[in-house]
Amino acid sequence: MNLSARDENAKVLAKLLRLDDEEAAGLLDMTILVRAAPDDASQAIGRDVADLLKRTVGVAAVDEGGPASVEVAVGDVSSAGPWPVLRVGVTRSELIASSDFVPEHDGAANIPKIVLLIAACYAAGMAVRLGLRRAFPLPHTDTVRLPVDRILRGSDLTYPVDLGKLYMAGAGAIGNGLLWGLARIAVHGELHVVDPKRVTAGNLGRCLWFEGEDIGRPKAESLVARAQSSMPGTILVPSVGRLQDLK
């Protein structure tokens, strides 16, 4: 966990809740326990939840001991302690994250990786909200349901998607998130990542691929270097500059 990333997210929270930075940092001083059943779908969701959370709060695994503020339980696992628990389940027809009941989960179902990533995104956000709710009341829902079958409309998203030759303007938070999602889909082609700026400490809190050692490097080059191995079917090309200046 990079402290610069946590500090940056504390500043964002302070602005949203109209608190000073120290108060916001105190609210984010929590540990979220992430536990996942042994099936592949649960493990994938658990890994992504931990990756999403680690830039904002402390993240622990079940064997690390100590108290937790909130637990995220994915798939068929029992609660590990007396703290609030967010349970996550995915089937071919529905994605459910709930702190109110145990949702159905089919770890043997052929669930597209991008759907598992969506589940992780909802779970990470709801887990932080659960942790904040104890000290700072926020509007909330105890259960989120997404109709996976309606979203997919019969597609399994395993067929290759041809990007052709594509230019992406910006290698910041949106560009990082876009490539994080595309890495879960069978895309191929040539994607040019275009950005004139360099990575700063402030980028670490919201850019999923960047790490502390990227500070000072061109964003486009850092993003391509980080993402390329996760997108073997796509040629990623960094362009340090502005899109309108490319010829």
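How many of the residues of strand β8 are buried? Strand β8 is mostly covered, with 6 of its 8 residues buried; buried means under 20% relative accessible area, exposed means over 50%, and partly exposed lies in between, with a 1.4 Å probe and protein chains only.

**Basis of the model**

This is a predicted model, in which local features need pLDDT of at least 70 and side-chain atom pairs count only at pLDDT 80 or more, while totals for chains, interfaces and linings use all residues. Residues are numbered from 1 along each chain as its sequence is written, and side-chain values use heavy atoms, with hydrogens and water left out. The predictor's confidence in each residue, pLDDT, runs from 0 to 100. Its mean over the chain is 89, and 94% of the residues reach 70 or more. Confidence is lowest in helix α1 (residues 3-17), with a mean of 80, and highest in helix α7 (residues 219-227), at 98. Helices (H or I, at least four residues) and strands (E, at least two) are DSSP runs numbered from the N terminus.

**Strand β8 and its partners**

Two strands pair if DSSP finds at least two bridges between them. Strand β7 (residues 161-169) runs parallel to strand β8 (residues 187-194), and 8 bridges join them. The chain passes from β7 through helix α6 (residues 173-182) to β8 in a right-handed β-α-β crossover. A crossover is right-handed if, with the strands pointing away from the viewer, the path from the first strand over the helix to the second runs clockwise. Strand β8 is also joined by 6 bridges to strand β9 (residues 234-239), again in parallel. Here β8, α7 and β9 form a right-handed β-α-β unit. Individual bridge partners are listed below.

| Residue | Partner |
|---|---|
| M168 | V193 in β8 |
| L166 | L191 in β8 |
| L191 | L236 in β9 |
| V194 | S239 in β9 |

L191 thus appears with L166 and with L236.

**Helix α6 and the nonpolar cores**

In α6, the residues G175, N176, L179, W180, G181 and L182 are buried. The buried residues of this helix pack against α3 (40-53), α4, β7, β8, α7 and β9, where contact means heavy atoms within 4.5 Å. L179 itself touches M168, L191, V193, W209, L223, A227, M231 and L236, leaving aside residues up to four places away in sequence.

A nonpolar core is a set of buried Ala, Val, Leu, Ile, Met, Phe, Trp, Tyr and Cys residues joined through side-chain atoms within 4.5 Å. The largest such core has 65 residues, and I32, I45 and L179 are those with the most contacts inside it. Helix α4 (residues 113-133) gives the most to this core, with 13 residues. Apart from it lies another core, of 8 residues, including L33, A68, A73 and W83. In soluble globular proteins, nonpolar side chains tend to be buried together.

**Cysteines**

A search of the whole structure finds 0 disulfides, a disulfide being a pair of cysteine sulfur atoms within 2.5 Å. Why is C121 not bonded to C207? The sulfur of C121 is 15 Å from the closest cysteine sulfur, in C207, which is too far for a bond. C207 is likewise in no disulfide, and the nearest cysteine sulfur to it is that of C121. The surroundings of these two residues can be stated as well: C121 is partly exposed, with a relative accessible area of 38%, whereas C207 is buried, at 0%.

**Two further positions**

P103 lies in the loop between β5 (95-98) and α4. P103 is buried, with a relative accessible area of 10%. Leaving aside residues up to four places away in sequence, P103 touches R87, V88, G89 and I96. P103 and D20 are 83 residues apart in sequence, and their C-alpha atoms are 38 Å apart in space.

D149 belongs to helix α5 (residues 148-152). D149 is partly exposed, with a relative accessible area of 41%. Between the C-alpha atoms of D149 and G170, which are 21 residues apart along the chain, the separation is 32 Å.
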